[in-house]
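Please keep the sequence and the structure side by side while reading, since the paragraphs below move from the whole chain to individual elements and residues.

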Amino acid sequence: MTLKDKLSQLSTSNGCLLATNFYNFETLSGVLSAAAERDSSVILQLTQGSIEYMGLHTAVSMARSAMQEYGVEAWIHLDHAGSYELVVSCLDVGFDSVMIDYSERTFQENATVTRRVVELAEKYGANVEAELGYVAKLGQSKEKLGFTDPQEAQQFVNETGVHALAVAIGSAHGFYKAEPKLDLDLLREIKRMTQIPLVLHGGSGIPAATLMESIKLGICKINLATEIKDAFMRKLQEVLVENEEIDLRKTFPYAVSSIKDLVSAKLNVVNTGS
Ligand code: 13P
Ligand code: ZN
Ligand code: NA
């Protein structure tokens with residue numbers, strides 16, 4: 001099934017998919033082994049930075065082969081694309097889904113580029129996500145947060161035909177200083193006005209109960225990145241100070257298994273909330 005169809009199905013049944021970023025073979029295999037064990041589908045996300053790190057073809061072919069090897073239903077998604085050109089390259093190599101992120105531009109600039117991407121993606125049968133309002137990026141002040149306006153969201157969806165919409169309701173990328181409070185009434189209102197699958201960015205650090213409530217109110221895709229990097233690097237550091245092993249094939253599996261445990265727990269939350 002295409003991701004576009006899957007998300008629209010989930011949108012009517014109050015279901016949700018976990019979307020995890022991956023950075024290398026180890027983070028990819030940690031995610032996929034958790035998904036295989038829980039018999040869950042997942043979205044595998046690449047940012048421009050991760051594409052530059054691994055190489056576009058390497059990243060995509062590795063993800064495609066790995067999902068088959070693990071027997072997991074998964075889709076490859078471009079996370080936070082800042083340009084139309086990057087979207088074109090990714091659709092050309094077979095991405096199932098793309099996010100065009102003009103959330104820091106004006107409403108009209110955002111709507112215009114999103115409309116173009118939706119038209120292009122049509123030819124590939126790909127899913128398109130855009131962001132309206134502003135979810136703070138890593139290292140940026142959370143003060144910059146601009147919440148999504150429901151009326152604007154409705155207009156944006158009508159003008160662009162976008163398939164999924166990332167909403168700003170109080171989450172932020174990275175960890176939080178204090179427990180995040182999501183504006184769930186605002187979420188309910190955005191869902192009522194748009195009736196499309198909504199996406200929650202900044203998944204790291206949000207308590208399980210809040211994630212589950214957000215799924216009930218229309219979130220169909222939850223993005224998780226920082227906790228994956230954190231789990232991997234912390235475990236690796238811990239193992240490296242404890243022993244002198246130079247065979248990386250004996251050391252990395254500890255970090256892979258901490259990703260597996262993390263993602264397994266998140267999948268449990270998402271599946272329970274669905
Ligand atoms: P976190 O880094 O807070 O998990 O956010 C992930 C995200 O939104 C990726 O697009
Ligand atoms: Zn994001
Ligand atoms: Na976060």
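A residue is called buried here if 20 or more other C-beta atoms lie within 10 Å of its own, and exposed if 12 or fewer do, with partly exposed in between. In this predicted model, 45% of the 274 residues of the chain count as buried by that criterion. The chain is built from 11 helices and eight strands, and its radius of gyration of 18 Å is close to the 19 Å that the globule rule gives for 274 residues, so the chain is as compact as a globular protein of that length. The C-alpha trace spans about 60 × 40 × 35 Å along its principal axes. When contacts between residues at least 6 apart in sequence are considered, 70% of them join residues that are at least 24 apart.

A good place to begin is with the strands. Strand 1 and strand 2 run parallel and are joined by four bridges, and within this pairing Leu-18 stands opposite Val-42 of strand 2. Strand 2, which covers residues 42-46, is mostly covered, five of its five residues being buried. Its side chains can be followed in two sets, for Val-42, Leu-44 and Leu-46 point one way whereas Ile-43 and Gln-45 point the other way, and all of these residues are buried.

Two loop residues in this part of the chain deserve a look at their backbone angles. Most residues other than glycine have a negative phi. Asn-14, in the loop between helix 1 (3-13) and strand 1, nevertheless has a positive phi, near 60 degrees, and this residue is partly exposed because 14 other C-beta atoms lie within 10 Å. Asp-39, in the loop between helix 2 and strand 2, likewise has a positive phi, about 55 degrees, although it is not a glycine; with 11 C-beta neighbours inside 10 Å, Asp-39 counts as exposed.

Further along, Gly-82 is placed in the loop between strand 3 and helix 5 (84-92). Its 13 C-beta neighbours inside 10 Å make Gly-82 partly exposed, and, leaving aside neighbours within four places in sequence, Gly-82 is in contact with Gln-48 and Asp-101. The C-alpha atom of Gly-82 is separated by 21 Å from that of Pro-197, which is 115 residues away along the chain.

The surroundings of the ligand come next. Of the 14 residues around ligand 1, His-201, Ser-204, Asn-223, Ala-225 and Thr-226 come nearest. The elements that give two or more residues to this shell are strand 3 (74-81), strand 8 and helix 10. In character, the residues of the shell divide into two nonpolar, 10 polar and two charged.

The tour ends with helix 11, residues 248-273. At 1.5 Å a residue, its 26 residues should span 38 Å, and the end C-alpha atoms are 37 Å apart, which agrees. An α-helix has 3.6 residues a turn, so residues three or four places apart point the same way. With that in mind, the reader can trace the buried residues of helix 11, among them Ala-255, Ile-259, Leu-262, Lys-266 and Val-270. The buried residues of this helix pack against strand 1 (17-21), helix 2 (25-38), helix 9 (208-216), strand 8 (219-224) and helix 10 (226-242). Strand 8 and helix 10 thus appear twice in this account, since they also give residues to the shell around ligand 1.

Technical notes. Residues numbered from 1 in each chain as written. Chains lettered and ligands numbered in written order. Predicted model: local features only at pLDDT ≥ 70, side-chain atom pairs only at ≥ 80, totals over all residues. Rg over C-alpha atoms; globule rule 2.2 N^0.38 Å. Contact = placed C-beta atoms within 7 Å. Expected span 1.5 Å × (residues − 1). Near = placed C-beta within 6 Å. Nonpolar A, V, L, I, M, F, W, Y, C, P; charged D, E, K, R; others polar. Pairing = 2+ DSSP bridges.
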